[in-house]
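The following exercises concern the strands, the domains and the ligand shell of one protein chain. Please attempt each task before reading its solution.

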Amino acid sequence: MTRAPLTTYFKLCTEFYDLEHHRGKAEASFYMNYALQAQGPILEPMCGTGRFLLPMLAAGCDIEGFDASPHMLNALRKKYAPNKAPVWQQFLQDFTSSKRYNLIFIPYGSFGLILNPNDVQKSLATLYHHLAPGGKLVLDIETINSVPHPCGIWRRGINTRADGSVIAINTLTSYDEEAQLFTSLCRYESIENGTLVALEEEDFRQYLYRFDEMDRLLKQFNFTSIIKYQDYAKNLPTNEQAPLLIYECVK
Ligand SMILES: C[S@@+](CC[C@H](N)C(=O)[O-])C[C@H]1O[C@@H](n2cnc3c(N)ncnc32)[C@H](O)[C@@H]1O
């Protein structure tokens, strides 16, 4: 089946993404610890520009990954030995391989970018199927408590490139409570010497999960254990208000 290309993660978005500071050290060491303990093949679907995958390769892990965005993959490849990065272009919902992995992980709420319920179902089945016995799936999702308030106003963020030129993002967010759909109209600007030289627009959409929703989806599979944490220190949720939930599932 031929899928329509992504309508997000284009060129300026990719550049901004790589300049941005993300969730920080706790998140990085959380995933690195899983990778160092995996003792076998690791897969990172939706690997983006290699924020996790490249340091894990450098640490000697047997890791490969894929992503649907050619721009994100190009950025990743530029940071690694030419034509050698173990990554390819692929939609998660279409992935199939004879290989089985000791660890599959999807950080940063990326799984919520899969919006269609059939695709969500298919993707979870694919993830389970490609785990080796005893293998771990680690998946983080953003919840309905992660919506930034207020919505409906423009926000602007700026990053500066090494050459001093600027890349800016303007976002107008909205949230459809019934559909649990967070939307952000994003306009990226590339500015050199005070002049706008490129503009890019994207329609970012992310499904936000209710507190127990992913539990129910994961329980359809024969995982031997499913634990959910509310942060990278592995604290268990004490109420249903966590904006982020991290699932560790063992096959
Ligand atoms: C928020 S970025 C996260 C990248 C990386 N995991 C990180 O944490 O830096 C989400 C990534 O998911 C990719 N993506 C979105 N939908 C996808 C899909 N259905 N299959 C594979 N990749 C997808 C995007 O191209 C993007 O690179």
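Two strands are said to pair if DSSP finds at least two bridges between them. The model examined here is predicted.

**Exercise 1. Strands S6, S7 and S8**

Determine how many bridges join S6 to S7, and how many join S7 to S8.

Solution.
- Step 1. Locate strand S6 at residues 154-160 and strand S7 at residues 166-176; 7 bridges join them, and they run antiparallel.
- Step 2. Check one pair: Thr 160 has Val 166 in S7 as its bridge partner.
- Step 3. Examine the hairpin of S6 and S7, which has 5 residues between the strands; Gly 164 takes a positive phi near 90 degrees there.
- Step 4. Continue to strand S8, residues 181-192, which is joined to S7 by 11 bridges in an antiparallel arrangement. Leu 172 has Leu 185 in S8 as its bridge partner.
- Step 5. Inspect the hairpin of S7 and S8: 4 residues lie between these strands, and Gln 180 in the turn has a positive phi of about 55 degrees.

**Exercise 2. The partners of strand S11**

Identify the bridge partner of Ile 141 in S11 and the residue of S11 that stands opposite Ile 227.

Solution.
- Step 1. Strand S5 (residues 131-142) and strand S11 (residues 244-250) run antiparallel and are joined by 7 bridges. The partner of Ile 141 in S11 is Leu 245.
- Step 2. Strand S10 (residues 225-229) also runs antiparallel to S11, with 5 bridges between them. Opposite Ile 227 stands Glu 248 of S11.

**Exercise 3. Two domains and their contact**

State which residues belong to each domain, and describe the side of domain 1 that touches domain 2.

Solution.
- Step 1. The domain assignment places 11-144 + 209-250 in domain 1 and 146-207 in domain 2.
- Step 2. The centres of the two domains, taken over C-alpha atoms, are separated by 23 Å.
- Step 3. With contact taken as C-beta atoms within 7 Å, 16 residues of domain 1 are in contact with 16 residues of domain 2.
- Step 4. Helix H1 (residues 11-19) supplies the largest share of the domain 1 side, with 6 residues.
- Step 5. The residues of that side divide into 9 nonpolar, 3 polar and 4 charged.

**Exercise 4. The ligand shell**

Find how many residues surround the ligand, and which are the closest.

Solution.
- Step 1. The ligand is surrounded by 19 residues.
- Step 2. The closest are Met 46, Gly 48, Ala 68, Ser 69 and Tyr 108.
- Step 3. Sorted by character, the shell holds 13 nonpolar, 4 polar and 2 charged residues.

Methods. Residues are numbered from 1 along each chain as its sequence is written. This is a predicted model: local features need pLDDT of at least 70, side-chain atom pairs count only at pLDDT 80 or more; totals for chains, interfaces and linings use all residues. Helices (H or I, at least four residues) and strands (E, at least two) are DSSP runs, numbered from the N terminus. A residue is near a molecule or strand if its C-beta atom, placed from the backbone, lies within 6 Å of it. Ala, Val, Leu, Ile, Met, Phe, Trp, Tyr, Cys and Pro count as nonpolar, Asp, Glu, Lys and Arg as charged, and the others, Gly among them, as polar. Domain bounds come from an automatic or database domain assignment. Two residues are in contact if their C-beta atoms, placed from the backbone, lie within 7 Å.
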